[in-house]
Structures are given as C-alpha cells and as structure tokens.
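Q: Please take a close look at the cysteines here and say what their sulfur atoms do or do not form. Some remarks on other selected residues would also help.

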Amino acid sequence: MSTSGKPRLVWFDANRVCAAMGVVLIHSSTDFGGKPFIDAEPADRLLPVFLRSLGEFSGSEMFFLFSLFIMAMRVDKSMPNYGDAISNQAKRLLVPFAFWVVFYAFFRLVKADAFNYTPYIWEQLGQVKSWFGYFLLGKVQYHMHFLPTLFALFLFYPLMRGATRYPVLGLTLLLTLGVMNNTQGFVWGLELEADTRDYILRSLKILGYVGYGFAAFALYGIWKDGIPRGESRLVRRLGLYFAILGYVATLPFFATAVQNGDWGVRSGWDYYGHFLMPICIFLIFMGSQFLEWSPRWSKLAMYTFGVYLVHPAVIDLFDIAVFKLGLGKAMPPIALVLIRFAIVLPASFAVAYGLSKVKALAWTIGLGPAPWEASTTKVSGA
C-alpha cells in the first residue's frame, strides 16, 4: 500500500500486526471461562489482569479503525457509486463471515465435549433464534461480532467522507461514544427479553461506532495532506501522552477485576480511556511513518485478518489440551497465560499462513477469490 509522494504504509502494517498480537493477548489472559481467574487469589490475578490491560491497547475497535481507514483510501481513489461500494464490501466481508459462522457453530462442540456442556450447544444449534443471533450479531463466537458490525458501519461511509475534507469532524467520536454510553446504560436498566435487548444494544453500538468512521476518514485526510517529518514527531508524542492518559483512566476497571475476579462495567472515564485508545495508538504509528520500518511488517500484516478469525479456535484447542492433561489447576494463572500466548500467537499466524496457501480456502481470510469467483474469471477470460 502506497500513495504517490508518500512513504509506504509500512507503519500502518506494523500497527496491524501489533493489534493482532494485542487481541490474542486479550483472549489469552483469562481462565477457561473468559473470566480473570475467578477462583484464584487476588494476588495471583494481578499479573494476568495486567497483561490483559496491555493487550487492550489493541482490540476490535482498533480493527474497525484499520478497516475504515482503508475504506477511506479506496473511496478517495476510485469514488465508486454507493451500490457498487456496498456490494463489494458485502462480498469481502459477509461471504467469509458466513463460512466462519458455520465453522464456529459446530467447532464449539469440540470444547463443549471436553468441558461437558455439549447438550447446551446442541440445544442452541436447534433453535432458529440462535442462528439469527449468529448471523446478525455474530454471537456464534466472542469475536465474530466484528464482521457484521463493520459491514453496517460501511453503510454510513458517505457521511464519513466529509471528515476527509474537514478532519475536525473526527472529534465526532467523542459525541457518539457519549451517546452510546448513556443510552446503553438506559437499555440495560429496562426489563427486556434478552434477545430483544441484544439487538437494541447492537444497533446503538453501530450508531456509536460510526464515530470511528469519522475518525478514520479524518486521519486519512491528515495523512493524505502530508505530515512533515518534524511535525510527525509531535504527532507521535501526543499519541503517546494520550495513550498513557487513557491507560491510567482504565486502571480502576482492572483494579476491580483483580479484587473481584470478574469484569466490571465501563461507565466513566475508564470507558472513554478504553474506547479512545485506538486513536491514540494509531497516532503513535502514524507519527512514526518516517522511521525505518522493516518490510517484514507488511508481510506479516497480510495474515492479521486471518489471525483475528482463527485465534479463538487455536485457544480452544490449547485449553482442551491443558484441561485433558490436568494442568489447568496445577499451573499458576500467570504461567497459563504466558504459555497460552506463546503458543497461540505463532500457531494462529501459522494457521492463517496455511489457509492462504490453499486456494480453496484463502478467500476465507481475505487472501484470495472465492472458488466460484475464480472459476467465473477463468471462463470469462478464456
């Protein structure tokens, strides 16, 4: 990825790789149930929760920002009509999404069998409303919400384009996050049926996350106009300062997790510290664009989308092995976290790499055309 007269976007690729590492760290730093080691003593939770706090320098919101930044670049270069742009994004996102929904819907049976809750999963699979939740909300796995939500955000891209011309509109994110925080808290206080509440909350999240689109298009506009080498250092320093400030704001949230063994609710400044962190980290990397970045970052970045999609399956397989061997209770929480991360991260990249080399499956991680598209191209070109 490059633009005439601009440094290659290796800094952007490096950001993507670090974000993928952060997401894997987030999901590696919990117990088998996704909790902050609820059965451990607070002192034993401290380091795992600390690693979780470092992992949250990245997160799904960071991947939203990446995707929307690329969207800003694409529409700025080609100016497609709305229908073509949305159709193209549907092919890129929703077709692979459908594949992974079906995969994870049944893959969960593997872990369910190991941890003795198979009937619960089979009951879900037999309910129509469960499949609606899988496909519309991404509830089939804890990370799958990303793809349908991202597609919904792309529907708003004509509004976001204004931020490329007027970057001050990037500050809209503060407004949308505030509205989302306030209204979601209100909805949680209502006596609603669980599925109805989930759909309302997701709608509010989409409206709130449109702010990331304004921020991404604004950042693209700033980058497109050019940041002088000297000013890039200022951008980097500002990003670093605000990242530290945002991290400090989240400390009460993590302190609660250490004390109680459960994740609390982000509602105050810890909420804003968490959700504004992607902007701060992005500024650090964008302000580092003139540094000497190794081209290896770009090679690794090719597989980050795949890592995001496959790492929960790799974590499940690791947890099953540890559980079957009886090592879960034998290891201190920090040992489990470090070993899990050390194995899952390279294994996830390896799986993504392997999928990219199989023509029939590379499309599932965005690295090749779907088989039916390839055959159509071949016939039309003959």
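A: In this predicted model, the sulfur of Cys-280 lies 16 Å from the closest cysteine sulfur, which belongs to Cys-18, and that is too far for a bond. A disulfide is a covalent bond between the sulfur atoms of two cysteines. The cut-off applied to such a pair is 2.5 Å, so the 16 Å between the sulfurs of Cys-280 and Cys-18 rules this pair out. A search of the whole structure accordingly finds zero disulfides. Seen from the other side, Cys-18 is in no disulfide, and its nearest cysteine sulfur is that of Cys-280. As for their surroundings, Cys-280 counts as buried because its relative accessibility is 10%, with the limit for buried set at under 20%. Cys-18, at 29% relative accessibility, counts as partly exposed.

Next, a charged residue. Arg-202 is found in helix 11, which spans residues 194–225. Arg-202 is buried and yet has no salt bridge. Asp-198 is the nearest side chain of opposite charge, 7.8 Å away, whereas a salt bridge needs the atoms concerned within 4 Å. Leaving aside residues up to four places away in sequence, Arg-202 touches Leu-136, Leu-137, His-145 and Thr-149.

Last, a glycine. Gly-185 has its place in helix 10, residues 172–188. The relative accessible area of Gly-185 is 46%, so this glycine is partly exposed. Its C-alpha atom is separated by 34 Å from that of Arg-340, and the two residues are 155 residues apart along the chain.

Definitions and conventions: Residues numbered from 1 in each chain as written. Predicted model: local features only at pLDDT ≥ 70, side-chain atom pairs only at ≥ 80, totals over all residues. Heavy atoms only, no water. Buried < 20%, exposed > 50% of the residue type's maximum accessible area, 1.4 Å probe, protein only. Helix = DSSP H or I, 4+ residues; strand = E, 2+ residues; numbered from the N terminus. Lys, Arg positive; Asp, Glu negative; His and termini not counted. Contact = heavy atoms within 4.5 Å.
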